[in-house]
Amino acid sequence: MIPVYRWRLAPEGLATFRQLRAMGLRPAGQPVVAQLERPRRKRGPLIAFLYRVDLARPVRPMTPARWAALAKANAARRVCPACGRDAGYRIPTSLGMCVPCADAPQLVA
C-alpha cells in the first residue's frame, strides 16, 4: 500500500505528473510512490499520484514526424462524419458530429 498525504503536505522530492511536466520532466516508467488526497464536500476526494523527481527524465522532444502525425490527427477530428465538411473546430465527442448537423431535425424514415 502506498502512503497517502493530505493536499499540500507532500514531502520534498515528490511531484505530480503535471508538476513534473511543468519542470520539463516525465515519470519515465517509474511506479507511483505516493498519493495526494484533497477533500471535497459532497463528493469523494480528488486524488493525484506522486512520482520521485530524482528518477524523472527530461521530456522527449517533438520530432517533425510526431508534429505531422499530431496535425493529421487533429485535422481528422475536425471533419464531421455526417456531412463530411471541415467544421473549423474539433468535433465534440458528446455530439459525434458538427453542431449544425446535431441541431438539424432528424427525419424519421
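1. The accessible surface of the protein comes to about 8700 Å², and carbon and sulfur atoms account for 59% of that area. Please keep in mind while reading that this is a predicted model. Buried residues make up 17% of the 109 residues in the protein, a figure worth holding next to the surface area when you look at individual positions below.

2. The fold is built from three helices and six strands, and if you follow the chain from the N terminus, the elements come in the order β-β-α-β-β-β-β-α-α. The radius of gyration is 21 Å, well over the 13 Å that the globule rule gives for 109 residues, so the protein is more spread out than a compact globule. Taken along the principal axes, the box filled by the C-alpha atoms is roughly 60 × 45 × 20 Å. Among the contacts with a separation of 6 or more, 48% join residues that are 24 or more positions apart.

3. On charge, the count gives 19 positive and 5 negative side chains, while the centres of these two sets lie 1 Å apart.

4. The cysteines deserve a careful look, since a search of the whole structure finds zero disulfides. For C80, the closest cysteine sulfur is that of C98, and the two sulfur atoms are 3.6 Å apart, which is too far for a bond, because a disulfide needs the sulfur atoms within 2.5 Å. C83 is likewise in no disulfide, its nearest cysteine sulfur being that of C80, 3.7 Å away. As for their surroundings, C80 has a relative accessibility of 1% and therefore counts as buried, whereas C83, with a relative accessible area of 31%, is partly exposed.

5. A82 is placed in the loop between helix 2 (64–76) and helix 3 (99–103). Leaving aside neighbours within four places in sequence, A82 is in contact with M97 and C101. In the case of C101, the two residues are 19 residues apart in sequence, yet their C-alpha atoms are 7.0 Å apart in space.

6. Which residues does Q35 touch, not counting those up to four places away in sequence? Q35 lies in strand 4, which covers residues 34–38, and the residues it touches are I2, P3, V4, Y5, I47, A48, F49 and L50. Q35 has a relative accessibility of 13%, and it counts as buried because the cut-off for that word is under 20% relative accessible area.

7. Two backbone angles should be checked with some care. Most residues other than glycine have a negative phi. A28, although it is not a glycine, has a positive phi of about 60 degrees, and K42, which is not a glycine either, has a positive phi of about 65 degrees. A28 lies in the loop between strand 3 (25–26) and strand 4, while K42 lies in the loop between strand 4 and strand 5 (46–52).

8. Are these two residues buried or exposed? A28 is partly exposed, with a relative accessible area of 25%, whereas K42, at 88% relative accessibility, counts as exposed.

Conventions: Residues numbered from 1 in each chain as written. Predicted model: local features only at pLDDT ≥ 70, side-chain atom pairs only at ≥ 80, totals over all residues. Heavy atoms only, no water. Helix = DSSP H or I, 4+ residues; strand = E, 2+ residues; numbered from the N terminus. Rg over C-alpha atoms; globule rule 2.2 N^0.38 Å. Buried < 20%, exposed > 50% of the residue type's maximum accessible area, 1.4 Å probe, protein only. Contact = heavy atoms within 4.5 Å. Areas by Shrake-Rupley, 256 points an atom, 1.4 Å probe, with all protein chains shown as cover. Lys, Arg positive; Asp, Glu negative; His and termini not counted. Charge placed at Lys NZ, Arg CZ, Asp CG, Glu CD.
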